[in-house]
Amino acid sequence: MEETSFLTLGEGLIIEQIIEEAHRFVALVRSTMPASCCPLCGDSSDFIHSQYQRQVADVPCGGRAIQLQLTVRRFSCHNSSCHRTIFTERLPHLVQPWAQMTKRLRASLSLLGFASCAQMAARLAPQLGMKGSASTILRLQRAAPEACPEPFTKIGLDDFAFRRGRTYGTLNVYLETHRLIEILPDRTVETVSAWLAAHPEIEVVSRDRASDYATAATLGASAAERGSFPRRSSMERTGSERSGTRRTKDCASGTKNRSGSRQRDPSGRTPGALSTNPPACVAGTLFQ
Ligand SMILES: [Zn+2]
């Protein structure tokens, strides 16, 4: 089969031949770059020491698996101060050193795992021309870069019980998307105010009527206004925001038990449920 352009591999790599087998294509690939850089010292070398074959799985084509048979060269490093005398050329845009699948196949399996789950992705992958065990897909998911957190300016604070009546934490929820931002290890004024002060971009805090969160919001806003946290310096606020005027409006909170009375923990607070649903009522506008 002739080389075609449907299987793009990036600059410096060419497909010498494509072999069609029963359930897959095998592409014979080699690099055309005249030299390569030593991964240890960075010096370029064009002295080829030897070469070997490397098998790498790639993304499928038409539902059929693609296997790349890479001809990888070893170069000699001429830097006398370098401890690496022989090194293997890197193909950073295609595959990581010692990996058995290309970067784009890793990304595809990882996305499949995120869209369903590792077990389901492992079952679906062969039907799409890919192959990967559940543990492999789970490992790829863990290694995937984290998505940039969405900016948030309106949050909800609510407490929940690690152990009801004993240990409580604080849920921070983005009000507009109802997504969990972070779980604080407790609900003390110090912890919550420090977190708020470190996030000066927050404009609105929704909370229950417990006084601790009100105090924490006030302290956090004051600390942010003083510019005591580095992130504050990168934020631009309007003149009215800098005044720090704070308005709050409270309403009833707490969960009802079967008899209709509200459940309170020994500290007099209302234990919240472990949920990403934001508190429905109280709103405290920090900067107006
Ligand atoms: Zn070197």
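Ala125 touches Leu109, Leu112, Met130, Lys131 and Gly132, leaving aside residues up to four places away in sequence. The structure that holds these contacts is a predicted model, and this report describes its nonpolar cores, one helix, one hairpin and two residues with a positive phi.

**The nonpolar cores**

In soluble globular proteins, nonpolar side chains tend to be buried together. The largest nonpolar core of this model has 24 residues. Ala125 is among the residues with the most contacts inside this core, together with Val56, Leu68, Leu109, Ala121 and Ile137. Both strands and helices contribute: strand 2 (24-31), strand 5 (48-61), strand 6 (64-76), helix 1 (103-115), helix 2 (118-124) and helix 3 (134-143) each supply at least two residues. Strand 6 gives the most, with four residues. The core also draws on two domains, taking at least three residues from each of domain 1 (7-99) and domain 2 (101-145). Apart from this core lies another, of 15 residues, which includes Ile155, Leu157, Leu196 and Ala214.

**Helix 4**

Leu196 also belongs to helix 4 (residues 189-197), whose buried residues are Val192, Ser193, Leu196 and Ala197. These four cover an arc of only 135 degrees around the axis, and they therefore lie on the same side of helix 4. An α-helix has 3.6 residues a turn, so residues three or four places apart point the same way.

**The hairpin of strands 9 and 10**

Strand 9 (residues 167-174) and strand 10 (residues 179-184) run antiparallel and are joined by five bridges. One pair of bridge partners is Tyr174 and Arg179, the latter in strand 10. Four residues stand between the two strands of this hairpin, where His178 takes a positive phi near 65 degrees.

**Two residues with a positive phi**

Most residues other than glycine have a negative phi, and most peptide bonds are trans. Neither Trp98 nor His178 is a glycine, yet each has a positive phi. The table sets out their values.

| Residue | Phi | Place | Other C-beta atoms within 10 Å |
|---|---|---|---|
| Trp98 | about 70 degrees | loop between strand 7 (86-88) and helix 1 | 7 C-beta atoms |
| His178 | about 65 degrees | loop between strand 9 and strand 10 | 12 C-beta atoms |

Are these residues buried or exposed? A residue counts as exposed if 12 or fewer other C-beta atoms lie within 10 Å of its own. Trp98 has 7 such atoms and is therefore exposed. His178 has 12 and is therefore exposed as well.

Note on methods. Residues are numbered from 1 along each chain as its sequence is written. This is a predicted model: local features need pLDDT of at least 70, side-chain atom pairs count only at pLDDT 80 or more; totals for chains, interfaces and linings use all residues. A nonpolar core is a set of buried Ala, Val, Leu, Ile, Met, Phe, Trp, Tyr and Cys residues joined through C-beta atoms within 7 Å. A residue is buried if 20 or more other C-beta atoms lie within 10 Å of its own, exposed if 12 or fewer, and partly exposed in between; C-beta atoms are placed from the backbone. Domain bounds come from an automatic or database domain assignment. Two residues are in contact if their C-beta atoms, placed from the backbone, lie within 7 Å. The arc is that of the directions from the helix axis to the C-beta atoms. Two strands pair if DSSP finds at least two bridges between them.
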